[in-house]
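Please look over the sequence and the structure shown here. The paragraphs after them give a guided reading.

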Amino acid sequence: MKASAYAPGKIILIGEHFVVYGKPAIVMAINIGVKVIAEKRADCIVHISSNLGFFGKYKNQKFESESMELNSRKHLEPVKIASETVLKELDKRCGLNIEIHSDLPIAVGLGSSGALAVSTVAAIGKLLGANFSEKEIIKLSFEAEKYVHLHPSGIDQAVSTYGGVIVFDRNRGVSRLNIETGIPIVIGNTGIQRNTGMLVKSVRIKKDMFANVINSLIHTGGQLTSEAIDVLKKGNLKQFGELMDINHGLLTALGVSNDALDRLVNSAKKSGALGAKLTGAGGGGCMVALSTSDNRKKIANAIRLAGGTPILAEKTEVGVKTWLNH
Ligand code: MEV
């Protein structure tokens, strides 16, 4: 018997980085994600294969790569950590075959590692007969996320688990934003992979150096999200776009934007986007533009002409889901 799980990726609409310091952020699940299929093995080996070209097995903690990719271990380790966390939680021991099918580009701010951790935990939980709650899935997937991002806020696993549009606050938890209007977006990928943990660290170093200045920016970041929640509830996309622009300015002030991101943000704005900003940790990766429903193709084209890869993703209400494959 095999068990499967699927979890969506995400776009942070407002509030990345500030969320690490206890401010709320608005994040939206997108209809691109990661599927994991898990199966028990008769031996104690954990074998992991990914459609992204990473293959390998763990035997008594020893990793053997089966692919030409030099980075295989780095990519498969979080899956091994997630599987061990579940086995420990359930007090079980067994070997596993774990297959990963991901449609999300990695290390560009779309939550690929969060979706992978969540779907791994959920698939193995299902396989072993555990009926994990959403809160348990978030808690159990945190170990893998810490390996990838060092000190993550937990926002990525939360949205991959719940789906929809949520306000995430690491102290107050998660609340769902039920929004009447659509949120038409265009994502632009610079194609530059980056390390979230290092970018979060760079902000911390700046905060240690210029505490008053950066604390004021963090405070403003929190106010920005509060305003954004209000305007989104009213369905005022024009004002929401303006707040996204301000958010990009604040993130630039934190030092996490770069030329490639600014180019895509500016080209989206010139082609009529209501707002545009980097999304995720910055330093490369993706930006997101807010569009009117009839202008997405034009913005996508402008992003392409500016050297980026446009992605026409949509909001999804569906979070993690599991099923058995008999
Ligand atoms: C990563 O998707 C968003 C950051 O705020 C880091 C985090 O919240 O863990 C940059």
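The text goes from the whole chain to single residues.

This is a predicted model, in which local features need pLDDT of at least 70 and side-chain atom pairs count only at pLDDT 80 or more, while totals for chains, interfaces and linings use all residues. Residues are numbered from 1 along each chain as its sequence is written, and side-chain values use heavy atoms, with hydrogens and water left out.

The protein chain holds 9 helices and 13 strands. These elements are DSSP runs numbered from the N terminus: helices are H or I runs of at least four residues, and strands are E runs of at least two. The radius of gyration of the protein chain is 20 Å, close to the 20 Å that the globule rule gives for 326 residues, so the chain is as compact as a globular protein of that length. That radius is taken over C-alpha atoms, and the globule rule is 2.2 Å times the number of residues to the power 0.38. Measured out along its principal axes, the C-alpha trace spans about 60 × 45 × 40 Å.Of the 326 residues in the protein chain, 58% are buried. Here buried means under 20% relative accessible area, exposed means over 50%, and partly exposed covers what lies in between, with a 1.4 Å probe and protein chains only. The accessible surface of the protein chain comes to about 14,200 Å², and 51% of that surface belongs to carbon and sulfur atoms. Accessible areas come from the Shrake-Rupley method with a 1.4 Å probe; for residues, only the protein chains shown count as cover.

Contacts, meaning heavy atoms within 4.5 Å, also describe the chain as a whole. Among contacts between residues at least 6 apart in sequence, 71% join residues at least 24 apart. As for charge, the protein chain has 40 positive and 29 negative side chains, and the centres of the two sets lie 1 Å apart. Lys and Arg count as positive and Asp and Glu as negative, whereas His and the chain ends are not counted. The place of a charge is taken as NZ of Lys, CZ of Arg, CG of Asp or CD of Glu.

Which residue does the side chain of Glu16 meet in a polar contact? The partner is the side chain of Lys277, at 2.9 Å. A polar contact is a pair of N or O atoms within 3.5 Å; within protein, one must be able to donate a hydrogen and the other to accept it, and residues adjacent in sequence count only if both atoms are side-chain atoms. Glu16 is found in the loop between β1 (2–14) and β2 (25–41), and Lys277 is in strand β10 (residues 275–279). Glu16 is buried, with a relative accessible area of 2%, and Lys277 is buried as well, at 0%.

The side chain of Lys277 also reaches the backbone oxygen of Ile12 at 2.9 Å. Not counting residues up to four places away in sequence, Lys277 touches a list of residues that includes Leu13, Ile14, Met244, His248, Val265, Met287 and Val288. With the same exclusion of residues up to four places away, Glu16 touches Asn247, Leu251, Lys277, Leu278, Thr279 and Gly280.

In the loop that holds Glu16, between β1 and β2, His17 is also found. His17 has a positive phi of about 70 degrees although it is not a glycine. Most residues other than glycine have a negative phi. Asp91 is another residue other than glycine with a positive phi, near 55 degrees. Asp91 lies in the loop between α1 (72–90) and β6 (95–102). Are these residues buried or exposed? His17 is buried, with a relative accessible area of 5%, whereas Asp91 counts as exposed at 71%.

Another place to look is strand β4 (residues 55–59), where Gly56 lies. Gly56 counts as buried, at 0% relative accessibility. Leaving aside neighbours within four places in sequence, Gly56 is in contact with Val46, His47, Ile48, Phe63, Glu64, Ser65, Glu66 and Leu76. From Gly56 to Val46 the distance is 8.6 Å, C-alpha to C-alpha, with their positions 10 residues apart in sequence.

Glu64, one of the contacts of Gly56, lies in strand β5 (residues 62–65). Glu64 counts as partly exposed, at 39% relative accessibility. Apart from neighbours within four places in sequence, Glu64 is in contact with Gly56 and Lys57. The C-alpha atoms of Glu64 and Leu177 are separated by 44 Å, and these two residues are 113 residues apart along the chain.

The last stop is helix α3 (residues 134–149), where Lys135 is found. Lys135 counts as exposed, at 65% relative accessibility. The C-alpha atoms of Lys135 and Ala158 are separated by 8.5 Å, and the two residues are 23 residues apart along the chain.
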